[in-house]
Amino acid sequence: MAKGWYERIRDIDRRWIFLFITLSVVLPLIFQVYFAEIPTPMVEQIFDKIDSLPAGSRVLIDFSYDPASMPELQPMAVAWVRHCLLKRHRIYAMALWPLGQQMAVDTINEAIDFIKKLEPGREIVYGIDYVNIGYKSGQQGVIKVVLTNLETLYSTDINGAHISKIPMMSGVVNLKSFDVIISVSAGYPGSKEWVQFGSDPAGVPLVSGSTAVQAPLMYPYYPRQMVGVLGGLKGAAEYEQLVYERKLKALMGKRLVELGHPPRDADVAPLAEQYLGYTQLGIKRMGPQTVAHLVIIIFVVIGNVTFFIDRRRARKRRPS
Amino acid sequence: MLRRTIPLIITFVVGMVLVISFFIPHKPFGTLGEDFSVFFDIISVFAFVLGGGNLVWIHGDKISKRRPGWGYSAVCLAGFAVTLVVGMLKLGNPWGIQGDVTEAGSMFDSIYMYIFTPLSSTMFALLAYYVASASYRAFRAKNLEATILLVAAFLILLGRTFTGALLTAWLPDSLAFLRIPNLANWVMMTPNLSGQRALMIGISLGIISTSLKLILGIERNYLGADNE
């Protein structure tokens with residue numbers, strides 16, 4: 001017997017669901033659908049923490065993720081590095097994941113390229129403004145060691161230069177030497193281990209950036225053991241929005257005027273993207289995520305409607 | 001005798017020193033605790049060699065016995081061998097054998113950039129399909145508990161996007177707590193937080209109990225079956 005429309009929807013082939021999900025991601029990417037982000041108080045607290053530090057503060061950034069979670073975590077990492085460079089903080093990059101070292105290189109290079117276009121003539125020198133001490137195996141064991149003595153494990157940077165030869169490493173003894181720790185992590189070892197073995201014993205403020213799946217596991221540490229958590233793309237997009245509104249917008253507008261491309265409307269981001277290589281990956285990727293969430297919600301609603309219709313029919317058929 | 005006693009003594013000594021060094025971080029416990037942590041980091045490096053050996057052993061065995069899916073094992077081993085050789089010999093590295101293994105332009109960097117990164121991202125992206133399909137089939141308001149879970153999921157899904165703010169932006173400030181992003185935040189910061197903390201406390205108590213059993217030699221499974 002041929003199926004009616006109701007049965008067709010109820011027994012929908014999962015390949016149709018896959019098709020809708022594909023379209024919900026691809027179409028917003030093609031047509032560049034994105035929405036305004038309203039930063040939440042927690043994201044504002046993180047921004048204020050980084051922003052309130054005086055220039056030259058030491059910021060340790062742990063890049064503990066890999067290419068699998070890069071699309072979700074790289075936007076927030078780039079936003080943080082940009083913010084630190086704008087504030088002229090000294091950036092110390094490290095990794096607890098083997099591939100995190102490469103993530104750090106990519107992130108810092110992307111941020112530096114943009115800052116150099118924004119502030120021509122500004123020199124951002126390796127060893128003075130930023131350093132990458134790379135990956136060490138040992139998971140939380142690494143944190144436990146650098147808590148008391150960094151040089152025990154990190155005697156050289158990723159290029160093999162002894163840390164005593166790196167100017168910005170002068171005075172860095174252990175975790176207590178840093179003003180803030182930023183942990184961008186996709187799992188174990190990550191932010192949780194930083195709280196347990198690093199930031200809490202050292203008394204150094206910790207900021208966490210996690211995947212959306214990991215974020216709920218971090219909330220128990222907020223606000224006493226963590227300044228805040230950036231959860232997934234949403235958190236990254238909100239942070240990007242804050243950096244854009246409070247730091248970059250005026251600077252980029254001024255630079256675009258110097259380049260002979262004065263912005264005609266309030267939103268300078270599109271012009272900055274064209275002429276300064278500015279990216280808002282978090283905000284842009286929130287478009288597809290928003291549409292995909294809506295598609296999932298629609299499917300869940302359809303699934304529940306069919307469930308209740310089936311249950312009512314079954315009750316009617318049942319002899320009383 | 002030695003095969004069982006020596007590991008038990010090592011476990012007891014290291015375990016006790018690390019516990020004591022947490023509460024008394026002064027000499028000699030503080031220094032010993034730090035030394036043991038360094039030993040752990042050094043030993044963990046050998047896990048890479050063990051992991052590589054294990055990979056070759058398991059997949060090599062699968063290929064030699066022509067077990068179902070042996071072709072995938074061949075691809076896995078080929079990828080492992082090529083990456084290892086290219087990385088160790090630094091093939092195509094602009095600075096030769098002296099250059100950094102991840103130097104831009106090297107073959108190792110190309111494998112990482114153009115094969116490993118897109119493949120990893122693709123695997124992660126597949127999650128979206130499974131989440132959508134599983135949500136459609138399993139997320140049903142069958143009973144009270146399932147309904148609560150469903151409502152929470154709706155609030156989080158909407159609250160984590162612009163749609164949530166848009167749908168309830170019309171609510172007056174006196175009812176701001178009913179706006180979807182605020183409700184989503186409440187779900188995360190109140191019921192979720194309570195549940196997570198309860199779980200963490202439970203897990204921590206379990207870890208303490210298991211650790212004490214290991215340190216005191218009551219739990220000996222890690223020594224292997226023949227050491228029971």
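**Figure 1. A salt-bridge network joins R10(A), D11(A) and D310(A).** This close-up comes from a predicted model, and the three residues here are linked by salt bridges into a network. One of the pairs brings D11(A) together with R10(A), with 3.2 Å between the closest N and O atoms. Side chains of opposite charge can pair when their charged atoms come close. D11(A) counts as partly exposed because its relative accessibility is 36%, and R10(A) is likewise partly exposed, at 27%. Over all chains, the structure holds 16 salt bridges, and the next two views show further examples.

**Figure 2. K234(A) and E37(A) pair across distant parts of the chain.** Here the salt bridge has its closest N and O atoms 3.0 Å apart. K234(A) belongs to helix α10 of chain A, while E37(A) sits in the loop between α2 (14–30) and α3 (41–52), and their positions lie 197 residues apart in the sequence. Are these two residues buried or exposed? Both K234(A) and E37(A) are buried.

**Figure 3. R255(A) and E258(A) form a salt bridge within one helix.** Helix α10 of chain A holds both residues, which are three residues apart, or about one turn of the helix. Their side chains meet with an N to O distance of 2.8 Å. R255(A) counts as buried because its relative accessibility is 15%, whereas E258(A), at 51%, counts as exposed.

**Figure 4. E238(A) is a buried residue of helix α10.** You will find E238(A) in helix α10, which runs over residues 232–258 of chain A. With a relative accessibility of 2%, under the 20% cut-off, E238(A) counts as buried. Which residues does E238(A) touch, leaving aside those up to four places away in sequence? They are E37(A), I38(A), P39(A), T40(A) and V43(A). E37(A) has already appeared as the salt-bridge partner of K234(A).

**Figure 5. Domain 1 and domain 2 of chain A meet through a few residues on each side.** The domain assignment places 5–31 and 282–317 in domain 1, and 41–242 in domain 2. Their centres, taken over C-alpha atoms, are 38 Å apart. Five residues of domain 1 are in contact with eight residues of domain 2. Together the two domains bury about 580 Å², with carbon and sulfur atoms giving 66% of that area. G282(A), I283(A) and R285(A) supply 72% of what domain 1 buries against domain 2, more than any other three residues. No salt bridges are found across this interface, but there are three residue pairs in polar contact. On the domain 1 side, the touching residues divide into two nonpolar, two polar and one charged.

**Figure 6. Chain A and chain B share an interface without salt bridges.** How many residues does each chain bring to the contact? Chain A gives 62 residues and chain B gives 47. The area buried between the chains is about 4,700 Å², and carbon and sulfur atoms account for 67% of it. Helix α12 (residues 281–317) gives the most to the chain A side, with 16 residues. Although the rule finds zero salt bridges here, it does find 14 residue pairs in polar contact. By class, the chain A side has 37 nonpolar, 17 polar and eight charged residues.

Key: Residues are numbered from 1 along each chain as its sequence is written. Chains are lettered from A and ligands numbered from 1 in the order in which they are written. This is a predicted model: local features need pLDDT of at least 70, side-chain atom pairs count only at pLDDT 80 or more; totals for chains, interfaces and linings use all residues. Side-chain values use heavy atoms; hydrogens and water are left out. Contact means heavy atoms within 4.5 Å. Buried area is the accessible area (1.4 Å probe) that two parts lose on being put together, summed over both. A salt bridge is a side-chain nitrogen of Lys or Arg within 4 Å of a carboxyl oxygen of Asp or Glu. A polar contact is a pair of N or O atoms within 3.5 Å; within protein, one must be able to donate a hydrogen and the other to accept it, and residues adjacent in sequence count only if both atoms are side-chain atoms. Helices (H or I, at least four residues) and strands (E, at least two) are DSSP runs, numbered from the N terminus. Ala, Val, Leu, Ile, Met, Phe, Trp, Tyr, Cys and Pro count as nonpolar, Asp, Glu, Lys and Arg as charged, and the others, Gly among them, as polar. Buried means under 20% relative accessible area, exposed over 50%, partly exposed in between (1.4 Å probe, protein chains only). Domain bounds come from an automatic or database domain assignment.
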